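Please walk through the model below one region at a time, starting with a sheet and ending with single residues.

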Amino acid sequence: MNHFKPPYPARPKKQFNPLKALFYAHKNLLSIWPEFAFEKDFMHLKVLKQNIFIVNSPETVRKVMIENGMNYLDKTTQQVKALEPLLGNGLFISTGATWKKHRRLLSGSFDDAHIEMYSKVMISAIKDTEAKWDKLESGATVSMQPEMAQLGADIIARALFGEKLGSESAESVVAAFADYQTVVRQMDIPKLIGMRWFPNLNGKFGVGKNAAQIIHDCVDGIMEKATYKENADTLVAQFIHASETLDESESMTRLEIRNEIIVLFMAGHETTANVLSWVWYLLSQAPDVEKKLHEELERELGGKTPSYEDVNKLPYTRAILDETMRLYPPVPVLARQAAEDDTINGKHIPAKSNVLIVPWLLQRHKKHWKNPDHFIPERFMPDAKAPTKFTYIPFSAGPRVCPGKTFGIKESVLVFAILAQRFRAETTNGYTGGMDCRLTLRPSDNLPMKLIKR
Ligand code: HEM
């Protein structure tokens, strides 16, 4: 079969010099990796005075994420500084005892029983999008990335705050986030991954603080309304209930709950939206895959709305999703700071060094993947050979592995099980597979697509 090879940023033949690398990294973090980086096991860059280590083999990734995982729990100082005004001591950047306690509390709300409960709001939010799209004429152009971001936000808001409060508040939280992200986007990405010495181009942190205040006020307002009685099965009510009934060592303050809600909102909607957008794009370019998807949906669902149990009957839909996250990992670079000295690959890693784990490289590594740049969902079918461990980590691995992994997967399969039964999407002439990579990886220009009714 002739597999589709989606476009990717040109790969320089040689390592860029530091200034050139910074210039390009600022525009697109994925354009700086030379061809040889997709074959290396380990890299060390010394840029001006800063050590940056890149672990790029199953053994070195295992060492950083599992064997010595607690030594690499810290995000880089720059990431913490950038996100603290918004997240406070929220999970994404916290460490030590606070991280441990909050992680435990949060994980309890993401077990299978809870996800099954949230699947009801997933399905109702997706059906609302289906109804909205139904009102459009076949062939109408939509901006697919914002469409998927709105849907992702609607789902997480309904899971957090309940069907009614969630659908009412999703829009205002999304608007507050959009303002904040405009500011964060203008901050320097090289700094976020730990290049301390890169000059601050715009000094936007003050503006970031104001935008964060808007989000804080918005979420505080929603929390006031979210009583346990009416919304017992929502995430926020569970946290509030725990804070009112458990002792301090096992519960969170209201401020901490607000911080974690913002983390969940931030971490839970943009990543999923990006994956969903890339799936629509890849389906539009790979008719054989699209045909097999429709065959599976027709065979297993025959036009009905799927239930939570139906998700497990759709292995090809799931494989498309897995392959999309391989080619376009929503978080393509994970940055950590070593707490203490270590040795990796025989090399001394001084405390405070920045260590990068780069799913963009690992998941297209030439030693570990056949046809690494081609779109081949079949490699993720249940009867295919499993990928080498630690070469496929779209949800990270080790202590900070994404707690929303099952949530994100079930939600994404349901989106395609419902929407792809009714609609196909085609790229418009303007879009040729460009991408923006700042903290997360998304299609450029909001991915304009024509929606065709089936
Ligand atoms: C396809 C969807 C998703 C992808 C690919 C994804 C990916 C990731 C990755 C790579 C990290 C780790 C970042 C790092 O190690 O630096 C992470 C962390 C996290 N994710 Fe997700 N995520 C997804 C969906 C979600 C959802 C739906 C939620 C919540 C409902 C969520 C909540 C979180 C949280 C709270 C963290 C921080 C964990 C910690 O630091 O201990 N994610 N995610």
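The paragraphs that follow treat a sheet, the ligand shell, the nonpolar core and three individual residues.

The model is predicted. A convenient starting point is an open sheet of three strands, in the order S3-S11-S8, with antiparallel pairing. S3 and S8 are the edge strands, each pairing on one side only. From one strand to the next the twist averages 40°.

The pairing can be followed strand by strand. Strand S3, residues 140-143, pairs with strand S11, residues 448-453, in the antiparallel sense over four bridges. Within this pair, threonine 141 has lysine 450 of S11 as its bridge partner, and valine 142 has methionine 449. Strand S8, residues 423-427, also pairs with S11 in the antiparallel sense, here over five bridges. In that pair arginine 424 is matched with isoleucine 452 of S11. Helix H6, which spans residues 144-161, lies across S3, S8 and S11. The helix runs at about 60° to S3.

Next comes the ligand. Which residues come nearest to it? Of the 24 residues around the ligand, the nearest are Ala267, Gly268, Cys402, Gly404 and Gly408. Two helices, H11 (254-285) and H15 (405-422), each supply at least two residues of this shell. H11 gives the most, with seven residues. By residue class, the shell around the ligand divides into 16 nonpolar, six polar and two charged residues.

H11 appears again in the nonpolar core. The largest such core has 125 residues, and Ile126, Leu160, Val173, Val236, Ile262 and Val279 are the members that touch the most other members. The largest share of this core, 17 residues, comes from H11. Helix H11 therefore gives the most residues to the ligand shell and also the largest share of this core. Valine 279 shows what such contacts look like: leaving aside residues up to four places away in sequence, this residue touches Ile320, Leu321, Thr324 and Phe416.

Two residues stand out for their backbone angles. Phenylalanine 390 is not a glycine, yet has a positive phi of about 70°. Phenylalanine 390 is found in the loop between helix H14 (359-362) and H15. Is phenylalanine 390 buried or exposed? Phenylalanine 390 counts as buried because 22 other C-beta atoms lie within 10 Å, and 20 or more is the cut-off for that class.

Aspartate 445 is another residue other than glycine with a positive phi, near 55°. Its place is in the loop between strand S10 (441-443) and S11, the latter being the strand that pairs with both S3 and S8. Aspartate 445 is partly exposed, because 14 other C-beta atoms lie within 10 Å, a count between the limits of 12 or fewer for exposed and 20 or more for buried.

The last residue is lysine 20, in helix H1, residues 18-27. Lysine 20 is exposed, because 12 other C-beta atoms lie within 10 Å, and a count of 12 or fewer places a residue in that class. Lysine 20 and isoleucine 32 are 12 residues apart in sequence, and their C-alpha atoms are 8.8 Å apart in space.

Methods
Residues are numbered from 1 along each chain as its sequence is written. This is a predicted model: local features need pLDDT of at least 70, side-chain atom pairs count only at pLDDT 80 or more; totals for chains, interfaces and linings use all residues. Two strands pair if DSSP finds at least two bridges between them. A residue is near a molecule or strand if its C-beta atom, placed from the backbone, lies within 6 Å of it. Ala, Val, Leu, Ile, Met, Phe, Trp, Tyr, Cys and Pro count as nonpolar, Asp, Glu, Lys and Arg as charged, and the others, Gly among them, as polar. A nonpolar core is a set of buried Ala, Val, Leu, Ile, Met, Phe, Trp, Tyr and Cys residues joined through C-beta atoms within 7 Å. Two residues are in contact if their C-beta atoms, placed from the backbone, lie within 7 Å. Axes are lines fitted to C-alpha atoms, for helices over the stretch in contact, and angles run from 0 to 180 degrees between N-to-C directions.
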